[in-house]
Amino acid sequence: FMENWLEEDGYRYYPLRQIGEALGHEVGWSEAGQTAYVVDENGARVSFSGIEKDGVMYIKVREFENIGYTVEWDD
């Protein structure tokens with residue numbers, strides 16, 4: 001599932017759409033703001049920024065804390 005990732009500055013970035021949709025969220029792109037967004041459980045658009053490569057927005061998984069998820073590191 002998560003074979004498609006980037007590493008930069010010691011962080012791993014994953015495809016926003018792939019993660020967001022797997023978690024059941026609507027994921028989109030705002031032309032006006034040039035940002036990707038995820039629709040949270042209250043129907044609000046939460047903007048995400050990260051690394052855009054070949055038309056794909058990659059984000060740190062920790063960014064999903066912005067829409068209520070808990071993210072932890074497991075050695």
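The following passage describes a three-stranded sheet, a buried aspartate and two loop residues with positive phi in a predicted model.

The model is predicted, and local features were accepted at pLDDT of at least 70, side-chain atom pairs only at pLDDT 80 or more, whereas totals for chains, interfaces and linings use all residues. Residues are numbered from 1 along each chain as its sequence is written, and side-chain values use heavy atoms, with hydrogens and water left out.

Strands were assigned as DSSP runs of E of at least two residues, numbered from the N terminus, and two strands were taken to pair if DSSP finds at least two bridges between them. On this basis, three strands form an open sheet in the order 3-4-5, with antiparallel pairing. Its edges are strand 3 (27–30) and strand 5, each of which pairs on one side only. From one strand to the next the twist averages 35°, where axes are lines fitted to C-alpha atoms and angles run from 0 to 180 degrees between N-to-C directions. Strand 3 is joined to strand 4 by four bridges, and Val27 stands opposite Val38 of strand 4. Four bridges likewise link strand 4 to strand 5, with Tyr37 partnered by Ser47 of strand 5. The latter two strands form a hairpin with five residues between them, and Gly43 in the turn has a positive phi of about 85°.

In a regular strand, side chains alternate between the two faces of the sheet. In strand 5, Val46 and Phe48 lie on a covered face, while Arg45 and Ser47 lie on an uncovered one.

Asp40 is located in the loop between strand 4 (35–39) and strand 5 (45–48). Accessibility was classed by relative accessible area as buried (under 20%), exposed (over 50%) or partly exposed (in between), with a 1.4 Å probe and protein chains only. Asp40 is buried yet has no salt bridge, and Arg45, the nearest side chain of opposite charge, is 10 Å away. A salt bridge requires a side-chain nitrogen of Lys or Arg within 4 Å of a carboxyl oxygen of Asp or Glu; Lys and Arg count as positive and Asp and Glu as negative, with His and the chain ends not counted. Excluding residues up to four places away in sequence, Asp40 touches His25, Val46 and Ile67 (contact: heavy atoms within 4.5 Å).

Positive phi values also occur in residues other than glycine, at Asp9 (near 55°) and Gln34 (about 50°). Asp9, in the loop between strand 1 (6–8) and strand 2 (11–15), is exposed, with a relative accessible area of 66%. Gln34, in the loop between strand 3 and strand 4, is partly exposed at 45%.
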